[in-house]
Amino acid sequence: MTTLQTERLRLRPLVAGDAEAYAAVRCHPEVARWLPPVAGEPVEAVRGTIGRFAAAWRERRYAPWGVFLGDRLIGHGGLNFVPEFAATEVLWALHPDAWGHGYATEVARAALALGFDTLMLDLIFAITLPDNLASQAVMKRLGLTYRRRVDYREFTDIVWYDIDRETWKAV
Ligand SMILES: CC(C)(COP(=O)(O)OP(=O)(O)OC[C@H]1O[C@@H](n2cnc3c(N)ncnc32)[C@H](O)[C@@H]1OP(=O)(O)O)[C@@H](O)C(=O)NCCC(=O)NCCS
């Protein structure tokens, strides 16, 4: 499992003890509105998510991290394998009071470096709803390029951006 310190943030895999703090971010209405719905009671639901991330860390050597500012869990971010596309996405979600500081971009840069420099992935994508302009701004800041609209689970017509390793090395 990869634990990292970026310039301002600590990135480490989420554990069961993070469930309450993670639910406060993941199920915050301003965050949840952009993400696939979680079913049932928030803390129980995110325990399932943490378990799936832990399995991915074991089996695939990557998964989204918990993002910590000091000791405070402010969100999640990192690499996530998506079976429907047989490809790896970079994702992010932060508590609203942590927006506007460049933290999502900082986490995502660390994730892209892990993906391209260590894991030797060829391509990393990011998807979001067409009206999630904040998330698309992060994608553009990172050097990802808009390619097309796709359907994903309960979402139709979402926007797909991606970047390949050669382009990443050049930005
Ligand atoms: C998407 C999301 C993570 C973007 O967060 P964000 O804080 O806007 O993105 P960044 O971390 O890249 O921060 C960029 C902003 O910080 C500002 N900033 C302030 N200090 C900065 C610094 N030291 N370095 C870089 N940027 C800084 C930038 O100017 C920019 O502000 P602007 O958008 O007003 O120009 C956030 O809106 C979110 O969590 N949304 C809900 C969940 C979600 O939509 N997730 C994505 C689903 S696909």
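1. A good place to start in this predicted model is the end of helix 4. Right after that helix comes M120, and its phi is positive, near 60 degrees. M120 turns up again further down, as one of the residues that R165 touches.

2. Now step back to helix 4 itself. It runs over residues 103-118, which makes 16 residues. From its first C-alpha to its last it reaches 22 Å, close to the 22 Å expected at 1.5 Å a residue. Have a look at how it sits: 12 of its 16 residues are buried, so the helix is largely enclosed by the rest of the structure. Among the buried ones are Y103, A104 and T105 at the start, and L112, L114, G115 and F116 further along.

3. Where does helix 4 fit into the nonpolar packing? The largest nonpolar core has 44 residues, and the members that touch the most others are L79, V90, W92, L112 and L144. Helix 4 supplies the largest share of this core, with nine residues. There is also a second, separate core of 11 residues, and W34, V82, Y152 and W160 belong to it. As general background, nonpolar side chains tend to be buried together in soluble globular proteins.

4. L79 is worth clicking on. Apart from its neighbours within four places in sequence, L79 is in contact with a long list of residues, including Y62, A63 and P64, then T88, E89 and V90. The list also takes in A111, L114 and G115, which are among the buried residues of helix 4. L119, L121 and I124 are on the list of L79 contacts too.

5. On to the ligand. Which residues come nearest to it? Of the 22 around it, they are G100, A104, T105, N132 and R141. Helix 2 (29-32), strand 5 (87-94), helix 4, strand 6 (123-128) and helix 5 (133-142) each give at least two residues to the shell. Helix 5 gives the most, four residues.

6. Three polar contacts to the ligand are easy to check on screen. A backbone N or O atom of W92 sits 2.9 Å from a nitrogen atom of the ligand. A polar backbone atom of A104 is 2.7 Å from a ligand oxygen atom. From N132, a polar side-chain atom lies 2.8 Å from an oxygen atom of the ligand. As for cover, the ligand taken alone exposes 950 Å², and the protein buries 67% of that. Note that W92 also appears among the best-connected members of the largest core, those touching the most other members.

7. N132 deserves its own point. You will find it in the loop between strand 6 and helix 5. Is N132 buried or exposed? Its relative accessibility is 8%, so it counts as buried. Besides its contact with the ligand, the N132 side chain reaches the backbone nitrogen of S135 at 3.1 Å.

8. R165 is found in helix 6 (residues 165-170). With 15% relative accessibility it falls under the 20% cut-off, so this arginine counts as buried. Away from its neighbours within four places in sequence, R165 is in contact with F116, M120, L121 and D122. That list includes F116, one of the buried residues of helix 4, and M120, the positive-phi residue that follows the helix.

9. Two other spots have a positive phi without being glycine. R61, at about 75 degrees, lies in the loop between helix 3 (42-60) and strand 3 (64-69). A86, at about 45 degrees, is in the loop between strand 4 (72-82) and strand 5. R61 has 54% relative accessibility and so counts as exposed; A86, at 59%, counts as exposed as well.

10. Finally, try comparing two pairs of residues. What separates the C-alpha atoms of R8 and Y103, 95 residues apart along the chain? The distance is 8.0 Å. For Y146 and G51, also 95 residues apart, it is 32 Å. R8 is in the loop between strand 1 (4-5) and strand 2 (10-12), and it touches F68, L69, H101, G102, Y103 and E106, not counting residues up to four places away in sequence. Y146 belongs to strand 7 (residues 145-152) and, leaving aside neighbours within four places in sequence, is in contact with V159, W160 and Y161. R8 is partly exposed at 35% relative accessibility, and Y146 is partly exposed at 38%.

How values were computed:
Residues numbered from 1 in each chain as written. Predicted model: local features only at pLDDT ≥ 70, side-chain atom pairs only at ≥ 80, totals over all residues. Heavy atoms only, no water. Expected span 1.5 Å × (residues − 1). Buried < 20%, exposed > 50% of the residue type's maximum accessible area, 1.4 Å probe, protein only. Core = buried A, V, L, I, M, F, W, Y, C linked by side-chain atoms within 4.5 Å. Contact = heavy atoms within 4.5 Å. Near = heavy atom within 4 Å. Polar contact = N/O pair within 3.5 Å; in protein donor to acceptor, adjacent residues only side chain to side chain. Areas by Shrake-Rupley, 256 points an atom, 1.4 Å probe, with all protein chains shown as cover.
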